[in-house]
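Thanks for coming. I'll take a few minutes to walk through one structure, starting at a single side chain and working outwards.

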Amino acid sequence: MLQKYTVFLASTNKKSAYKNRRYFFSLLFFLGTSVVNATPPEKLLTLSDAIQLALAENPSLKVFPIRDAAIQGQLQTANLKPAYEIAVETENFAGTGGFTGVSGAELTVSLSSTIEMGDKRAARAGLYSQSRSRLEAQQQVESLELLGEVTRRYVDVLAAQERIILASEATELAKMTLNGVKKRANAGSTPEAEVKRAQAALAQSQLTLLSGQQQLRYLKVALTALWGETSPDFTAVTGDLFNFGQDVDFSTLYAKIKQNPAIQVFAAEERLKDAEIRLAKTESTSNINWSVGVRRFQETSDTAITAGFSMPLFSSKRNSGAVSAALASRNEVSIQREVALLNMHTQLFRAFSNRQQAIVSAQKLQSEIVPALEDALDETQEAYERGRYSYLDYVSARQELLRARLTLIESAAAALAYGADIEQLTAEPLPASQYPPLTTITYPNFKD
């Protein structure tokens, strides 16, 4: 970023003292960032490192292995066969007459269980297997959202560093202006009021610099919070704020949206609903309850085998409502998917249009507006020193240049932020992007 911008400055025809000082202060900021942030020794953070730290340590992603453990427990339970039951039954005892005591008692010991029909156990297991697939897709969605948020906050820090460079240059320029005004006032060619105004302008520039430094500290803390830390251990981030990558037409970007994990979640949800339908249909097939046992007749000391079975009637008719509800739930997911695609189309078009506008603004400022204002400031400064222009003319020219350079920073930051939105929506990096390709990012995986 610094190299590209300073080369651009050196390419202008007029190598005035102001431009040389701007180069000096830009270089000084990156060499002395540890002084600005008071965190020596200097440690630079790259976007790739920030993303990997966030994906590995962000608290919101650590819940997925816990949820997966819960589903695995449910899957283990779903794979169990019906339990066996043992029953002991005594009849004809403690009565009256011939049934006094236990002499006429009958004792039965039986074993019973259920034979599941319709492959219910496989249907239950399939339901929880699809639940794991949906959980994995949800994890990818949150990971992608986290990647986008890391990139946006990283760009915020990058832009804040540029604003500090600009504020430092503005402060130095205000000091130079104050010295020049004092010399003119001592020579009697400038009223004392202009000295006061120059002093106030210097104080305002210093206040802007302090505000920018404070904002940078906050933005660094906000970035660090994405990997669970409360105190930044880096002094500056690296990157080119003015590298926007190559343009891609909207239709190509939109074609990639269907591969977004947010859409894949609906596909996983549809498979889960299909599993719920299969499970509901298996309930239409009645289970068979069986029992077998031994009965002892106390009065004759004889024994006999007992056996029996039972099954509910009209199970298919009674279960038709559950099947219909499962089918309706499945159809609702398809509609939700279409709604999500429509919403993502709108979001993508908004990010695409805003990015295009921001790039045009930044390139226009960088190639035409800022150089023209630099030349205008040089000429105004020379004219002011010769007494041809007023102090107001000089200050106005200086402020116009500073505002244009600030607008350039904001436009460049906006272009990169909208680019991060596009990459999050398409789940792919833009061509020639400074962002790391998604294929090189290691996502946490609870299914290892």
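Phe 349 is partly exposed, with a relative accessible area of 45%. Before I go further, please keep in mind that this is a predicted model.

So which helix holds Phe 349, and what does its aromatic pair link? Phe 349 sits in helix α11, which covers residues 320–385, while Phe 250 sits in helix α8, so the pair links distant parts of the chain, 99 residues apart. The geometry of Phe 250 and Phe 349 is edge-to-face, with 5.3 Å from centre to centre and 85 degrees between the planes.

Now to Phe 250. Is Phe 250 buried or exposed? Its relative accessibility is 16%, and because buried means under 20%, Phe 250 counts as buried. Phe 250 also pairs with Tyr 254: the ring centres are 6.3 Å apart and the planes are at 10 degrees, so this pair is stacked. The cut-off behind that word is an angle under 30 degrees. Tyr 254 itself is partly exposed, at a relative accessible area of 29%.

Both Phe 250 and Tyr 254 belong to helix α8, residues 250–255, and they are 4 residues apart, about one turn of the helix. On the general point, an α-helix has 3.6 residues a turn, so residues three or four places apart point the same way.

Put together, Phe 250, Tyr 254, Phe 349 and Phe 352 form one aromatic cluster. The count for the protein comes to 6 aromatic pairs.

There are also charges placed over rings. Arg 184 lies over the face of Tyr 384, at 4.6 Å from the ring centre. Arg 67 lies over the face of Phe 64, and there the figure is 5.3 Å from the ring centre.

Back to the region before α8. Asp 247 is in the loop between β4, residues 236–237, and α8. What does Asp 247 touch, once residues up to four places away in sequence are not counted? The answer is Arg 355, Gln 356 and Ile 359. Asp 247 also has Leu 430 at 8.0 Å, C-alpha to C-alpha, although the two are 183 residues apart in sequence.

Arg 355 comes up again with Tyr 418, which is in helix α12, residues 391–426. Leaving aside neighbours within four places in sequence, Tyr 418 is in contact with Arg 350, Ala 351, Asn 354 and Arg 355. From Tyr 418 to Ala 351 the C-alpha distance is 5.2 Å, across 67 residues of sequence.

One other position in helix α11 is Ala 326. Ala 326 has 9% relative accessibility and counts as buried. Leaving aside neighbours within four places, its contacts are Glu 276, Ile 277 and Ala 280. Lys 281 is 45 residues from Ala 326 in sequence and 9.4 Å away in space, C-alpha to C-alpha.

Next, helix α6, residues 120–186. How far does α6 reach from its first C-alpha to its last? It has 67 residues and reaches 98 Å, close to the 99 Å expected at 1.5 Å a residue. Just after α6, Gly 188 takes a positive phi of about 85 degrees.

Then the strands. Strand β3, residues 106–115, pairs with strand β5, residues 288–297, in the antiparallel sense over 10 bridges. Within that pairing, Ser 113 has Trp 290 in β5 as its bridge partner. On the β6 side, β5 pairs with residues 302–310, again in the antiparallel sense, over 9 bridges. There, Val 294 stands opposite Ile 305 in β6.

Finally, the whole protein. The secondary structure comes to 12 helices and 6 strands. There are 448 residues, and 42% of them count as buried. About 23,500 Å² is exposed, with carbon and sulfur atoms supplying 55% of it.

How are the contacts spread along the sequence? Among contacts between residues at least 6 apart, 80% join residues at least 24 apart. The pair we started from, Phe 250 with Phe 349, links parts of the chain 99 residues apart. That is all I have.

Key
Residues are numbered from 1 along each chain as its sequence is written. This is a predicted model: local features need pLDDT of at least 70, side-chain atom pairs count only at pLDDT 80 or more; totals for chains, interfaces and linings use all residues. Side-chain values use heavy atoms; hydrogens and water are left out. Helices (H or I, at least four residues) and strands (E, at least two) are DSSP runs, numbered from the N terminus. Buried means under 20% relative accessible area, exposed over 50%, partly exposed in between (1.4 Å probe, protein chains only). Contact means heavy atoms within 4.5 Å. Accessible areas come from the Shrake-Rupley method with a 1.4 Å probe; for residues, only the protein chains shown count as cover. Rings of Phe, Tyr and Trp (its six-membered ring) pair if their centres lie within 6.5 Å; planes under 30 degrees apart count as stacked, over 60 as edge-to-face and the rest as tilted. A charge sits over a ring if NZ of Lys or CZ of Arg is within 6 Å of the ring centre and within 35 degrees of the ring normal. Two strands pair if DSSP finds at least two bridges between them. The expected span of a helix is 1.5 Å times one less than its number of residues.
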